[in-house]
Amino acid sequence: TALAQDVGQVTLIDLRVEQEYRDLSSLTQFIRQRIDLLCVSVDVNFYFPQVCNLLNYLPPEIPLIVGGKQATDHVAELFQICPHIAIIVRGEGEETIREITQGKDLKDILGISYKDNGRIIHNPNRPLPPVDTLQYPDRRLRRATYRANSKGVKYINAKFDTVLTARGCPYNCKFCNFSMNPLGQKREYSARAPESVVEEIQSLKAQVIFLADDNFCVDPKRTERICDLLIQQKVRKKFMAFVRIEVTRYPELLKKLEQAGVQILFIGVESPHDRVLQQLNKGFTSQEVRAAFKILREYEFFLHCTFIYGNIGESRAEMLAIVDFAREIGADSIFPQNLQARKFSRVKELVEQTPGYDLDPEGFVYSDTYSRQELERIRRELNRRFYTFGQKCRMILKLYKMGCITPADIFNLPPIFRRKITKKVRTILYGGRRVGIPYT
């Protein structure tokens, strides 16, 4: 969106979903015929080697700019692996890319690393701008339609999109580096005006929208204003959002979230143990979690909880206690994840100071007692114990009753679930009579 303000035409290609350009010969032919400047986003670490291979395959005569979180993390490595990269944009890049395309002298552009006569020059970091000064994404530049899916399987047929209403987080959980960018800059909480947020939401064709803030309810009055606007303007969409348990201190806000269409809440519980919660600096106790979820269960929210296992000094029994605690508080689904100590997270210092603990190259924490393989087995055991067949049925039926999924979506499930869930849906809708549910 930033680029489009200064160049004649922007072509956005998403190789995850656009099949026609997965053939590299077709991709390079298109680039040679149509493209004057290549900009590649390297955001996630899962496919980093494959992305590096792709960069080396691209036509070397076309100037190449690379940005994104992984590019910022691996500046020197990327220049070494991919020698025809011209510029790496570090950190948030909206202002930076405009200065590049406007022709500003590279030595005067903050937040870039570039080559000059074989030397790599690292310019100073760019200060992080207020979010309200940046333009929200122009989806008209897209060529693909997005739907909710997992591992390539579409479970929900509705169109899906994400909206970022703020950047940064005022909390200081030790394991978190979301509010600290890869340059070590603290991203102070910066929020967009409610009117801008609702304007963006209204422009979307998607029926399901993920509000991707680290915490959507940092400022309760602002969140209420967004909900009020959505209700007043009769925006009929379904939302999911990250929140903390502190949201339960504001019953009026919870009502408005429900009325505005927020249906799925992602909540970082992290641990059932007060010792671990204090170690992670979460800012609440397990008893406060119980009290908060007692309130949340009074509303029509689907509660998805994240938990961290493999914490410092945590035994296997303590890790597996996550399942009983999740059931006790009424979590509808859980996401257990191994403790990580990223470059600028404060838990990294704790790991380095604790004998017997270490980090793998991706920042996952393991120990002499619990290897990465053993921790992976514990993760599978947590999922196996929580996600019983009955629990999966309850999840799907709750989502169905909330209107998050339709009868047609049920046919995207694996056959064993499809048969049993369809039977339950018939019971709910038609009192057990065999009435056909349309297949699409």
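Begin by selecting Phe210, Phe242 and Phe266, which form one aromatic cluster. The model is predicted: local features need pLDDT of at least 70, side-chain atom pairs count only at pLDDT 80 or more, and totals for chains, interfaces and linings use all residues. Residues are numbered from 1 along each chain as its sequence is written, and side-chain values use heavy atoms, with hydrogens and water left out.

**The aromatic cluster**

Rings of Phe, Tyr and Trp (its six-membered ring) pair if their centres lie within 6.5 Å; planes under 30 degrees apart count as stacked, over 60 as edge-to-face and the rest as tilted. By this rule the count comes to six aromatic pairs. One of them joins Phe242 and Phe266, a tilted pair at 5.3 Å centre to centre with 50 degrees between the planes. This pair links distant parts of the chain, since Phe242 belongs to strand β11 (residues 238–243) and Phe266 to strand β12 (residues 262–270), 24 residues apart. Helices (H or I, at least four residues) and strands (E, at least two) are DSSP runs, numbered from the N terminus.

Are these two rings buried or exposed? Buried means under 20% relative accessible area, exposed over 50%, and partly exposed in between (1.4 Å probe, protein chains only). Phe242 is partly exposed, with a relative accessible area of 29%, whereas Phe266 is buried at 17%.

**Strands β11, β12 and β13**

Next, select β11 and β12 together. They pair in the parallel sense over five bridges; two strands count as paired if DSSP finds at least two bridges between them. Within this pairing, Met240 stands opposite Ile264 in β12. Add helix α8 (residues 251–260), and the three elements make a right-handed β-α-β unit. Right-handed here means that, with the strands pointing away from the viewer, the path from the first strand over the helix to the second runs clockwise.

Now colour β12 by burial: nine of its nine residues are buried. Glu270, found in this strand, is buried at 4% relative accessibility. Glu270 also has a positive phi of about 80 degrees although it is not a glycine. Most residues other than glycine have a negative phi.

Extend the selection to β13 (residues 302–309). Six bridges join β12 to β13, and the two run parallel; Leu265 stands opposite Leu303 in β13. From β13, continue to strand β14 (residues 333–338), which is parallel to β13 and joined to it by six bridges. Tyr309 has Asn338 as its bridge partner in β14. Between these strands the chain passes through helix α11 (residues 316–329), in a β-α-β crossover that is right-handed.

**Strand β1 and its partner**

Move to strand β1 (residues 38–41). Which of its side chains are buried? Leu38 and Val40 point to one face and are buried, while Cys39 and Ser41 point to the other and are not. In a regular strand the side chains alternate between the two faces of the sheet.

β1 pairs with strand β2 (residues 64–67) in the parallel sense over four bridges, and Leu64 in β2 is the bridge partner of Leu38. The crossover from β1 to β2 runs through helix α2 (residues 48–57) and is right-handed.

**Helix α6**

Select α6 (residues 194–203), where Pro194, Val197, Val198, Glu200 and Ile201 are buried. Seen down the axis of α6, the buried residues fall within an arc of 160 degrees, taken from the directions from the helix axis to the C-beta atoms, so they line one face of the helix.

**Two loop residues**

Lys234 lies in the loop between α7 (220–232) and β11. At 59% relative accessibility, Lys234 counts as exposed, and its phi is near 55 degrees, a positive value in a residue other than glycine.

Then find Pro124, in the loop between β5 (119–122) and β6 (147–150). Pro124 is exposed at 53% relative accessibility. Leaving aside its neighbours within four places in sequence, Pro124 is in contact (heavy atoms within 4.5 Å) with Arg90, Leu110 and Gly111. The C-alpha atoms of Pro124 and Ser113, eleven residues apart along the chain, are separated by 9.0 Å.

**The whole chain**

Finally, show the entire protein chain, which comprises 16 helices and 16 strands. Of its 440 residues, 47% count as buried. Among contacts between residues at least 6 apart in sequence, 70% join residues at least 24 apart. The chain exposes about 22,800 Å², of which carbon and sulfur atoms supply 51%; accessible areas come from the Shrake-Rupley method with a 1.4 Å probe, and for residues only the protein chains shown count as cover.
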